[in-house]
Amino acid sequence: MSSGGDFEGKSGKRKRKAKVSTTGKKTKITSTENGIQQDDASRSGAEIAENDQTETALPPAFSISEIKNKQRRQLMFMKLKLEKRKERLAAKKKRKKEREALGDKAPPKPVPKTIENQRVYDETVVDPTDEEVAFDESTDEFSSYFNRLTTPKVLITTSDRPRGRTVRFCRQLSTIIPNSFVYYRRGLALKKIIPQCISREFTDLLVVNDDRSIPNGLVLSHLPEGPTAHFKMSNVRLRKDIKRRGKDPTEHIPEVILNNFSTRLGHIVGRMFAALFPHDPQFVGRQVATFHNQRDYIFFRYHRYIFKNEKRVALQELGPRFTLKLRSLQKGTFDSKYGEYEWVHKRHEMDTSRRKFHL
């Protein structure tokens, strides 16, 4: 039988019973068997501080992802992130003081690790002193341009039924590329346009494709023998969309800057862009067109540089700006059915590492 919450077994012994009562911050634990009472208020301050530290300190093999409560997990992650940031700032201040104390004897600053300088080795990276590469470039399709035997003449066209934004973009491109002309497709296929371009002595053909009035593709074909490159276009911003832009560009021939086209494929693409502009720039116009390759994305910017004094120079963006991503490189002129491709971007096979680049 049981009475008053006490239990008796077969042996007649009472089992141990514990009553737990909490009042505010004080916790009492009472044992009915031996009458021992312990109160947090009676403990010393050193014991309480030691217990608090053991509660907040995490075991060495503990991971924040093991915390089930989402809010608690986010809070602990933010605290850990803040502590690491404080440690980095303290280490940075310490290194700065050491460098100031050592003066000229200070060791050189360490080079930070980036995806670019941790790039996977590529055997197609071009050595500037390679005689084989120099011979190939002296006999390729662009050799007549680099030998100053031809003058670029560019035809800019669009896909069928272009919308207003694409038309404005083509017009602004024609103001950047000297000796370029804008014509509309009017339903003609590219295979019929290319022979007409060759007969009229055009050296390059630019085709701007769009989707829902947004330019999203670019086909660049070098005439008369190719090659032909197909790019994905994104982040197109016209002149009116650029803040603090300068006045419209003048008719001066701009300078051309090509950055980070280091592989054999990158050299071909860079030479295609260079062949769009006349060989001798007019420095009086102070205009420069930049094709900057970073992680296989080609960023185009068009600037005018302004001399403020003998030592200071400012850049003023003129627009438009856009970003290109190479999709394929085809031998010869455009031929989607029987064309021979030198390089095709296969995303699932080629993009296996973030540190591997092709241009």
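A salt bridge is a side-chain nitrogen of Lys or Arg within 4 Å of a carboxyl oxygen of Asp or Glu. The side chains of Arg148 and Asp280 satisfy this criterion, with an N to O distance of 2.5 Å. Arg148 belongs to the loop between helix 4 (143-146) and strand 4, and Asp280 to the loop between helix 7 and strand 10 (287-294), so the pair ties together parts that are 132 residues apart in sequence. Helices (H or I, at least four residues) and strands (E, at least two) are DSSP runs, numbered from the N terminus.

The model is predicted: local features need pLDDT of at least 70, side-chain atom pairs count only at pLDDT 80 or more, and totals for chains, interfaces and linings use all residues. Residues are numbered from 1 along each chain as its sequence is written, and side-chain values use heavy atoms, with hydrogens and water left out.

The structure holds ten salt bridges. One of them joins Asp241 to Arg165 at 3.1 Å, N to O. This pair links distant parts of the chain, 76 residues apart: Asp241 is in the loop between strand 8 (228-237) and strand 9 (255-259), and Arg165 is in helix 5 (residues 164-176). Another salt bridge, at 3.2 Å from N to O, is formed by the side chains of Lys191 and Asp335. Since Lys191 lies in helix 6 (residues 190-199) and Asp335 in the loop between strand 13 (321-330) and strand 14 (341-344), the pair ties together parts that are 144 residues apart in sequence.

Solvent exposure can be added to this picture. Buried means under 20% relative accessible area, exposed over 50%, and partly exposed in between (1.4 Å probe, protein chains only). Asp280 counts as partly exposed because its relative accessibility is 48%. Partly exposed also applies to Asp241, at 26%, to Arg165, at 22%, and to Lys191, at 44%.

Glu137, Asp140 and Arg271 are linked in a network of salt bridges. Arg271 is itself among the buried residues of helix 7. That helix (residues 264-274) is mostly covered, with eight of its eleven residues buried. Besides Arg271, the buried residues include Leu265, Val269, Met272 and Phe273.

Strand 13 is likewise covered: nine of its ten residues are buried, so the strand is largely enclosed by the rest of the structure. Its pairing can be followed strand by strand, where two strands pair if DSSP finds at least two bridges between them. Strand 13 pairs with strand 8 in the antiparallel sense over eight bridges, and Met233 has Leu324 of strand 13 as its bridge partner. Strand 11 (residues 297-307) also runs antiparallel to strand 13, joined by four bridges. Here Leu324 appears again, as the bridge partner of Ile298. Strand 14 is antiparallel to strand 13 as well, through three bridges, and Leu329 has Trp343 in strand 14 as its bridge partner.

The last site is Thr157, in strand 4 (residues 154-158). Thr157 counts as buried because its relative accessibility is 3%. Its side chain reaches the backbone oxygen of Tyr183 at 2.9 Å. Contact means heavy atoms within 4.5 Å. Leaving aside neighbours within four places in sequence, Thr157 is in contact with Cys170, Tyr183, Tyr184, Arg185, Leu205, Leu206, Val207 and Val208.

Technical notes
A polar contact is a pair of N or O atoms within 3.5 Å; within protein, one must be able to donate a hydrogen and the other to accept it, and residues adjacent in sequence count only if both atoms are side-chain atoms.
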